[in-house]
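Biologist: I'm new to this one. Could you take me through a single part of it up close, the nonpolar core and what sits around it?

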Amino acid sequence: MKYIRYSFFVLLLLIVSGCGERSLYNEPKFKSEIKGKYEILTPEDLTFGNRYISDIYVYKSYIIIVGYNSNSFVHIYDKTSGKLIRNAVREGRGPGEMLSVMANCSAFDAESGILMLKDAMLGNKLVCNIEEMIADVPGAIVNDFCESNMMKEVASFDLNNENHLIVRNFSPTARDTTGFCRFCIKDSDDNYLTRYYNYPLPYNRENLAWWRVYNEPCLAISPDKKKLAVGISVGAILETFEIDGVRILPKSESLFIDAQIVNNKLPDHITGFTDIFATNDVVYCIYDGENYALSELPNNAVRHRYVTSFTWNGKPLQKIDMGINMRRICIDESDNTLYAIANIDDEIGDRIIKYRLSK
């Protein structure tokens, strides 16, 4: 009898512990899942190819793309007709030029029409006035060579009170780790106001795989500059934070898909979030969620086909199957329209598409 009770207790313990382990990761369950019918806005291939596309923004009657194409890094389109208005910011080392565009290298203020570009290769920051660039006004692009620690920065955002939020990730090979932290807020005199060290999963800077996981997150700050969303693409993790101007406070943490890192090695598949756009009320994401081994991935497979939305508390709202490979998204709140850079297929190539969101 004692043996039976002991066996029952062990079995119950195994069941409970097993359930606990499974509950650590739970794929998002959306309130609604629909098919999306999009409109192709640009008739010609954008010809970005495999070159990096950093971001897409909407501003007044314009769509702004940051990415390398036609020997330039900034491309301005009419958001109604899809007509290319101007290519700007040439490739080079001279004034108003840059050499590289990478993840999270740009930030845009829709109120002022100012686009900020970081070039880590040159240690340079460009401040671009979109209206003046379109009008070809001299001095529309201003060089700022003050970013001495740019190689340590994943991204930076200007806040409402002249403070700025910095996202960092030090390389495991870095010798100088002065000021190491995940997030920090600095004032206009470069003084630290706060540092934030926590990661959603245990992080060891000596572990190259985890460094890569956190090195290119999807990032979005709300228009009111009071909230930050962070999405991880290796596996799927979504975090949100409150920002009060001088502090960063965790708001929600959603572990959706395990990154499955074993023995300091990344898996041969990448899932999760590939881009994020935030409004004051909703977080929109490009989401994949499929676990494909790359060696088994069909040539015609469509990855990153879903536009998903979440509350700032991390609750899933809607999943839209666009049926195409989307690369970057933005939302025009004036008419509730989503714009995206998407790869329609290998023959058609990259296009700007638009999709009217349901309210």
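Modeller: Here is a walk through the core, followed by the sheets that lie elsewhere in the chain.

Keep in mind that this is a predicted model. The mean pLDDT of the protein is 83, with 82% of its residues at 70 or more. One stretch to set aside is residues 1–22, where the pLDDT is below 50 and where the model shows 0 contacts beyond near neighbours in sequence.

Now to the core. The largest nonpolar core has 31 residues, and the members that touch the most others are Ile63, Ile65, Met322 and Leu338. Several strands chip in with at least two residues each: S3 (53–59), S4 (62–69), S20 (282–287), S23 (325–332), S24 (337–343) and S25 (350–356). The top contributor is S24, which gives 5 residues.

Let's zoom in on methionine 322. Setting aside its neighbours within four places in sequence, methionine 322 is in contact with Gly36, Tyr38, Arg305, Val307, Ile353 and Tyr355. A second core lies apart from the largest one; it has 29 residues, including Leu165, Leu201, Ile232 and Phe241.

Threonine 308 is worth a stop too. You'll find threonine 308 in strand S21 (residues 306–311). Threonine 308 counts as buried because its relative accessibility is just 1%. Neighbours within four places in sequence aside, the contacts of threonine 308 are Phe30, Val283, Tyr284, Cys285, Tyr287, Gln318 and Lys319.

On to the sheets. One is an open sheet of 4 strands with antiparallel pairing, running in the order S11-S12-S13-S14. At its edges are S11 (153–158) and S14 (192–196), each pairing on one side only. Neighbouring strands in this sheet are turned by 15° against each other on average, direction ignored. Inside the sheet, S12 (residues 164–168) and S13 (residues 183–186) pair in the antiparallel sense over 4 bridges. There, isoleucine 166 stands opposite cysteine 184 in S13.

Another open sheet of 4 antiparallel strands goes S15-S16-S17-S18. Its edge strands, S15 (218–221) and S18 (248–257), each pair on one side only. For this sheet the average turn between neighbouring strands is 15°, direction ignored. S17 (residues 236–243) and S18 pair in the antiparallel sense over 8 bridges, and threonine 240 stands opposite serine 252 in S18.

Notes
Residues are numbered from 1 along each chain as its sequence is written. This is a predicted model: local features need pLDDT of at least 70, side-chain atom pairs count only at pLDDT 80 or more; totals for chains, interfaces and linings use all residues. Side-chain values use heavy atoms; hydrogens and water are left out. Two strands pair if DSSP finds at least two bridges between them. Axes are lines fitted to C-alpha atoms, for helices over the stretch in contact, and angles run from 0 to 180 degrees between N-to-C directions. pLDDT is the predictor's confidence in each residue, from 0 to 100. Contact means heavy atoms within 4.5 Å. Buried means under 20% relative accessible area, exposed over 50%, partly exposed in between (1.4 Å probe, protein chains only). A nonpolar core is a set of buried Ala, Val, Leu, Ile, Met, Phe, Trp, Tyr and Cys residues joined through side-chain atoms within 4.5 Å.
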